[in-house]
Amino acid sequence: MEKYEAVKDIIGYGNFAVVRLMRHKETKELVAVKCIQRGQRIDERVTREIINHRSLCHPNIIRFKEVALTPIHLAIVMEHAAGGELFHRVCKGLREDEARYFFQQLISGVSYCHNMEICHRDLKLENTLLDGSHARRLKICDFGYSKSYILHSKPNSMVGTPAYIAPEIISGGEYDGKLADVWSCGVILYTMLMGALPFEDKEDRKNVKKTVNRIVAVQYKFPENVSITQDCKNLISRIFVANPAKRITIKEIEGHPWFLKNLPKDFTEDVCYKKEFATSSLQSIEDIINIVNEAKTAPTLRQCLNSCFHQAFIFLYHS
């Protein structure tokens with residue numbers, strides 16, 4: 001990590017990680033660095049996240065760069081999206097044409113993942129970022145719960161964020177991760193349009209059990225004070241279908257009249273990336289596995305203390 005310098009200590013938090021903003025000393029490129037404490041937290045899920053993310057190269061997906069070790073962390077270096085979370089943009093309110101524009105990009109990125117045989121399993125507004133060019137380019141991030149249909153077993157665990165998960169995940173057993181991703185995309189679309197999550201009780205938002213029950217019952221409605229087109233309502237109703245076998249697929253979404261309206265040309269012209277390009281100039285899988293395995297060794301007390309002193313120095317320097 002010697003080639004990077006700290007710009008801002010923490011720009012994001014995860015369940016077991018923090019994300020720091022850093023700068024490449026030579027190129028001056030800003031990067032986001034996800035730091036996971038070495039030791040027991042470095043498990044198979046972390047390995048899966050890195051390998052899956054490494055294989056993806058698409059304009060609507062945060063670009064993986066490399067993994068490295070610090071004395072106390074495993075560091076995942078990624079593209080930095082200066083526009084922040086789409087969540088904050090939605091809080092300001094979106095018109096239907098704006099929501100469609102971001103949804104088209106979301107589906108473009110998810111479709112690419114699925115074509116690469118990877119399901120995300122935690123699609124939500126907080127995991128969709130915006131770039132720095134007027135915050136118009138959407139980028140999917142955080143592949144911590146992702147699974148590859150080539151490398152891993154079929155999804156069967158209850159993972160994801162409660163308000164966004166599909167009914168079949170709640171029911172238990174094996175499920176199609178791609179169709180579960182479609183449901184999550186529908187939740188994102190609804191929330192962009194309505195300014196509220198579809199299955200959450202506005203009067204009791206912290207009641208996860210009530211949210212889960214509403215998801216299973218597919219209990220949602222379109223507020224009367226929000227005006228959206230019938231085509232849009234039709235698409236949402238075809239996404240929110242309890243039986244995944246009857247749910248609209250990504251391919252069908254891409255052919256839906258509402259989705260096709262004002263579809264930017266670059267969505268069809270620039271998103272065809274070859275597998276060789278996606279993995280060229282990246283660390284080899286062997287090198288990544290070696291680094292991850294080394295990170296499974298917990299840091300010594302001396303390393304922890306030295307890191308604390310180093311972080312304190314950085315904080316004072318940038319204050």
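Q: What makes strand β2 (residues 17-24) and strand β3 (residues 30-37) a pair in this predicted model?
A: Two strands pair if there are at least two bridges between them. β2 and β3 share 7 bridges in the antiparallel sense, so they count as a pair by that rule. One position to look at is Ala17, which stands opposite Ile36 in β3.

Q: What makes helix α1 (residues 44-54) a helix that packs on the sheet?
A: Contact means heavy atoms within 4.5 Å, and α1 touches β3, β4 and β5 (73-79). The direction of α1 makes about 25° with that of β5. Helix α12 (residues 285-295) also packs on the sheet, where it touches β4 and β5. The direction of α12 makes about 40° with that of β4.

Q: How do you know that β1 and β2 are paired?
A: The cut-off is at least two bridges; 6 bridges join β1 to β2, and the two run antiparallel. In this pair Glu5 stands opposite Arg23 in β2. A hairpin through 3 residues links β1 to β2.

Q: Why are β1 (4-13) and β4 (64-69) called edge strands?
A: The sheet is open, with 5 strands in the order β1-β2-β3-β5-β4 and antiparallel pairing. β1 and β4 each pair on one side only, and they are the edge strands. On average, neighbouring strands of this sheet are turned by 25° against each other, direction ignored.

Q: Which strands make up the sheet of 3 strands, and why is one side of β6 and of β9 (138-140) left without a neighbour?
A: This open sheet has the order β6-β8-β9, with antiparallel pairing. β6 and β9 stand at its edges with a single partner strand each, so one side of each has no neighbour in the sheet. β8 and β9 pair over 3 bridges in the antiparallel sense, and Leu130 stands opposite Leu138 in β9. Helix α3 (residues 96-115) lies across β8 and β9, running at about 35° to β9.

Q: What makes the largest cavity a cavity that enters the count?
A: In a cavity, a 1.4 Å probe fits but cannot get out. The count takes cavities of 30 Å³ or more and comes to 1; the largest has a volume of about 60 Å³. Its lining includes Arg121, Asp122, Tyr164, Ile169 and Ser184. Helix α5 (residues 177-194) gives the most to this lining, with 3 residues. By class, the lining of the largest cavity has 5 nonpolar, 3 polar and 3 charged residues.

Q: What makes the largest pocket a pocket, and which residues lie nearest its centre?
A: A pocket is an open set of points, with protein on both sides within 12 Å along at least five of seven lines. The largest pocket has a volume of about 1000 Å³. It is lined by 44 residues, of which Tyr13, Val19, Glu126, Asn127 and Cys141 lie nearest the centre. Among the elements that give two or more residues to this lining are β1, β2, β3, α1 and β5. The lining of the largest pocket divides into 20 nonpolar, 12 polar and 12 charged residues.

Q: How many contacts does the model have for residues 274-279, beyond four places in sequence?
A: The model has 10 such contacts there, but pLDDT stays under 50 over residues 274-279. Residues 312-319 also have pLDDT below 50, with 3 contacts beyond near neighbours in sequence. Where pLDDT is low, the predicted coordinates should not be read in detail. For the chain, the average pLDDT is 88, and 89% of the residues score at least 70.

Technical notes. Residues numbered from 1 in each chain as written. Predicted model: local features only at pLDDT ≥ 70, side-chain atom pairs only at ≥ 80, totals over all residues. Heavy atoms only, no water. 1 Å grid on protein atoms, 1.4 Å probe; cavity = no way out; pocket = protein on both sides within 12 Å on 5 of 7 lines; lining within 4 Å. Points joined across faces, edges and corners; volume = space filled by probe spheres on them. Helix = DSSP H or I, 4+ residues; strand = E, 2+ residues; numbered from the N terminus. Nonpolar A, V, L, I, M, F, W, Y, C, P; charged D, E, K, R; others polar. Axes fitted to C-alpha atoms, helices over the stretch in contact; angles between N-to-C directions. pLDDT = per-residue confidence, 0-100.
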